[in-house]
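Visitor: Please show me the model, and let us then ask how each label attached to it is earned.

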Amino acid sequence: MSLSLRFGRTTAALAASILSGEAVLAQESPVILLPAPTTAGGAPLTRALAERRSVRTFQDAPLTLAEVGQLLWAAQGVTQTGPAPAGWRSEWGAWSGGGRTAPSAGALYPLETYLLATSVDGLEPGLYHYVPGAHALEPTGACSSRKLARAALGQTAITEAPAVVVFTGVYARAASKYEDRAPRYVHIEVGAAAENLLLQATALGLGGVFTGAFRDSAVTDVLGLPKDHAPLGIVPVGRPGG
Ligand SMILES: Cc1cc2nc3c(=O)[nH]c(=O)nc-3n(C[C@H](O)[C@H](O)[C@H](O)COP(=O)(O)O)c2cc1C
């Protein structure tokens, strides 16, 4: 079912809003269009590389919708649409129509990304699913960061952070082409996406930590994830604390 059918908004309306950079806290629709991401300028990449550190304590300060949108775009945003790029070979399968900020084996895009917002201006606290093609969030329900932290062996960065990004992987999507190499490729991809996010956070004066220590089934239960969305990484993010 397409996004537009599911939420009663036309694709054209969504596209127009995205192009104008409008952030819609939609009354008639639960889809939240994020402000258009910045795709040029910002802090130099070399400085972000030099300055990135895992950050586990955060100020008690909200993030803006533009900041979380920029972080999600850096992780998984669509950066290319239209026809297949030059050199795309038909034996690789059909071009799925959009390049992203992170590379993806066979352009199959097996990652699904969630945002647990605790303190983000303009967002009701709760869990959201990021829709890269629309640069939008779809609310998926209430969720407690305390419970998520418990599922992650009590790591307090998760409760302190105003926002937590959770990366999941749909192995079957990659296995459709890569069979038993699929897990390897999905795990490589989550590393690329998470590093993009962390570098973007650093460039924005924010910080976060890639968190891999958690009980998979507990995270799935707490977030109410679809069974085929395997949790792979949790990244609390916010303004670095003292
Ligand atoms: C796969 C992976 C899993 C990690 N899991 C955790 C974690 O569960 N908790 C945590 O505090 N840090 C975690 N880290 C962050 C590392 O502890 C951190 O990157 C390392 O200490 C180096 O510090 P730096 O990131 O500041 O360079 C993880 C990092 C990676 C790559």
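Guide: In this predicted model, the second largest pocket holds about 300 Å³ of space. Its lining is made up of 17 residues, and those nearest its centre are Arg 100, Tyr 109, Pro 132, Gly 133 and Arg 173.

Visitor: What makes a residue part of the lining of a pocket?

Guide: A lining residue has an atom within 4 Å of a point of the pocket. In the second largest pocket, β3 (78-81), β4 (98-100), β5 and β6 each supply at least two such residues, and β6 gives the largest share, with three residues.

Visitor: How many residues of that lining, in the second largest pocket, are charged?

Guide: Three are charged, alongside eight nonpolar and six polar residues. Arg counts as charged, so Arg 100 and Arg 173, which are among the residues nearest the centre of the second largest pocket, belong to the charged class.

Visitor: Which classes appear in the lining of the largest pocket?

Guide: The largest pocket, with a volume of about 390 Å³, has 18 lining residues, of which Gly 41, Ala 43, Trp 73, Gln 200 and Ala 203 are the closest to its centre. That lining divides into 10 nonpolar and eight polar residues, with no charged ones, and its largest share, four residues, comes from α8.

Visitor: Why is Pro 125 called exposed?

Guide: Pro 125 has a relative accessible area of 57%, and exposed means over 50%, so Pro 125 is exposed. Pro 125 sits in the loop between β5 (111-117) and β6 (126-131).

Conventions: Residues numbered from 1 in each chain as written. Predicted model: local features only at pLDDT ≥ 70, side-chain atom pairs only at ≥ 80, totals over all residues. Heavy atoms only, no water. Buried < 20%, exposed > 50% of the residue type's maximum accessible area, 1.4 Å probe, protein only. 1 Å grid on protein atoms, 1.4 Å probe; cavity = no way out; pocket = protein on both sides within 12 Å on 5 of 7 lines; lining within 4 Å. Points joined across faces, edges and corners; volume = space filled by probe spheres on them.
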